[in-house]
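Here is a short tour for anyone opening this structure for the first time. We'll begin at one residue and work outwards from there.

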Amino acid sequence: MDFAYSSTQQEIRAAVGELARRFGDAYWRDCDAREAYPDAFVAAMTEAGWLAALIPEQYGGSGLGLLDACVILEEINRQGGNAATCHAQMYTMASVLQHGSEAQKQAILPRIATGDLRLQAFGVTEPDAGSNTLRIKTFAKKVNGGYVINGQKIWTSRFRQSDMYLLLARTTPYEDVARKTDGLSLFLVDIAKAGRALQPRTIDTMLNHHTNEVFIDNLEVADEWRVGEEGQGFRYLLSSLNAERLLVSSECVGDGKWFVERARTYATGRVVFDKPIGANQGVAFPVARAHMSLSAAELMRNQAATLFDQGQPCGGEANMAKYLCSEASWEAAEAAMTTYGGYGVATEYDIERKWKEPCTASRTAVASSWR
Ligand SMILES: Cc1cc2nc3c(=O)[nH]c(=O)nc-3n(C[C@H](O)[C@H](O)[C@H](O)COP(=O)(O)OP(=O)(O)OC[C@H]3O[C@@H](n4cnc5c(N)ncnc54)[C@H](O)[C@@H]3O)c2cc1C
C-alpha cells in the first residue's frame, strides 16, 4: 500500500500550480462579477495540454490516469481558480473512451485534444425526474439511419460553451423494460448542426456556473453518433458519473486547502482584543478540524481514483469520496467565512466567491442530503 503521490503527479501539481497562479484572484473575481466564462484560462489549460490529460496518446492526448486528472483539477482550485468551468471534458471522456466506437474516437478526440472541439456539457438531469435518472422522459425514437429526439433537460452546464455534448435519452419506455436500468441510450450531439432543434435557456444561479435548461425538439442524430449499444446508456453513464464524482471531489479538496490556507493566514495577521484572532481556540480549532477532514477525504478520493485507474469497480468508493470531500470542503469554507468575520462577505476578500463552490458541490450527486 503506497500513499505517496508519484513523481509524475508531483510534477503535474507543480506545473498546473504555476499556470493557475497566472490567473489570480482579480481574474476570477472579474469573471464572477461579469458572469463571464473564463475563456483565457480555458485556452491556456488547453494549450498546455491539461484538458486532454485523459485522451490516449494515439489520439493526441497525454494518456494520463484519473488520479492524475484529479491532481490537475485539485491544483486549479487550490490556487483559487474554478476547475468546474472546464471539468466536463474530462469526465464525459470515460463514456467515450470505454464505450465509443473507433470511428467516434478518431473523429472527435484529436480535435478535442487540440482545442478545436469542445465537449464540455452533459445532458442527464430533467425537471420531473430530478435525482431519479431512470425516470427521464426525453425520448429518442428510432427512424431509418438514426433517431429523432424530443424532450427537455435541465441543469445542462456549459452548453453554450460546447460544440458537442453527451445526451442521455430513453430509447425504450420505462414501462416496457425488463430491468429498470435498461432502455436508456447515450448520444454524442453536434450542437451547431442541431440548430433550432436545441433551444437553451440560461438558469441564473448564485454562482457563475453557465447552466441551462435545454428544450429538445425533433433533434435528428445518426446511428453512428450513438455511444455503444442501444439501451445500455445507463451502464455507460455510470463510468462517467464515477469519474465526475472523483473530479468534483478533487475540486472540493483543492477549495478546502485554499480555505484553510487563507483562514490560517488571516487568523495570524488579524489582531483584535490585542492579540491575533488565531490565538483563540474558538477560531483556530475549526480550521484545524477542517484540515483533518480534508486530509481524510483526500485519502478516500485517492483510493477510489486508484481503483478506477485499475479498471476495478469503484462506485461505492467514488460516492463516498464525493460525499466526504464536499462535506470537508464545506466545513473549511464555513471555518474561513467565520474567521474572516464581516470581511468574509466582502467580494474583494474572495471568500464569498469561493464559499459558493462547496455550497454547490454538496448539492450535486451524491448529495449531502442523502445521509
Ligand atoms: C450548479 C449545478 C450544475 C449542474 N450541472 C449539471 C449538468 O451539467 N448536467 C446534468 O445532467 N445535471 C447537472 N446538475 C444536476 C445535478 O447533478 C443533480 O442531479 C440535480 O440537481 C438533482 O436533481 P433535483 O435538483 O431535481 O433534486 P431532487 O431530485 O428534486 O431532490 C431534491 C432534494 O431531495 C433529496 N432527495 C431526493 N431523493 C432522495 C432520497 N431518496 N433520499 C434522500 N434525499 C433525497 C435530494 O438530495 C435533494 O436534496 C447540476 C446541478 C447544479 C445545482
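Let's start with Val287. Setting aside the neighbours within four places in sequence, Val287 is in contact with Val260, Ala263, Arg264, Ala267, Ala335 and Thr339. Keep in mind that what you're looking at is a predicted model.

Where does Val287 sit? Its place is in helix α9, which covers residues 281–309. Is Val287 buried or exposed? The cut-off for buried is 20 or more other C-beta atoms within 10 Å. Val287 has 23 C-beta neighbours inside 10 Å, so it counts as buried. Phe259 makes a nice example of how the fold brings things together: Val287 and Phe259 are 28 residues apart in sequence, yet their C-alpha atoms are 8.7 Å apart in space.

Now for the helix itself. With 29 residues at 1.5 Å a residue, α9 should span 42 Å, and its end C-alpha atoms are 41 Å apart, so the two values agree. An α-helix has 3.6 residues a turn, so residues three or four places apart point the same way. Just past the end of α9 comes Gly311, with a positive phi of about 75 degrees.

Time to zoom out. The protein is divided into three parts, as the record of domains has it: domain 1 (7–114), domain 2 (121–231) and domain 3 (235–363). Taken over C-alpha atoms, the centres of domain 1 and domain 2 are separated by 24 Å. Their contact takes 14 residues from domain 1 and 15 residues from domain 2. Which elements give two or more residues to the domain 1 side of that contact? They are α2 (25–34), α5 (88–99) and α6 (102–114). Of these, α5 supplies the largest share, five residues.

There's also a ligand, with 19 residues surrounding it; the closest are Val124, Thr125, Gly130, Ser131 and Trp155. The elements giving two or more residues to this shell are β1 (121–123) and β3 (146–157). The largest share, three residues, comes from β3.

What kinds of residue make up these two sets? Here they are by class:

| Set of residues | Nonpolar | Polar | Charged |
|---|---|---|---|
| Side of domain 1 that touches domain 2 | seven residues | five residues | two residues |
| Shell around the ligand | six residues | 12 residues | one residue |

That takes us from a single buried valine, Val287, out to the domains and the shell around the ligand.

How values were computed: Residues are numbered from 1 along each chain as its sequence is written. This is a predicted model: local features need pLDDT of at least 70, side-chain atom pairs count only at pLDDT 80 or more; totals for chains, interfaces and linings use all residues. Domain bounds come from an automatic or database domain assignment. Two residues are in contact if their C-beta atoms, placed from the backbone, lie within 7 Å. Helices (H or I, at least four residues) and strands (E, at least two) are DSSP runs, numbered from the N terminus. Ala, Val, Leu, Ile, Met, Phe, Trp, Tyr, Cys and Pro count as nonpolar, Asp, Glu, Lys and Arg as charged, and the others, Gly among them, as polar. A residue is near a molecule or strand if its C-beta atom, placed from the backbone, lies within 6 Å of it. A residue is buried if 20 or more other C-beta atoms lie within 10 Å of its own, exposed if 12 or fewer, and partly exposed in between; C-beta atoms are placed from the backbone. The expected span of a helix is 1.5 Å times one less than its number of residues.
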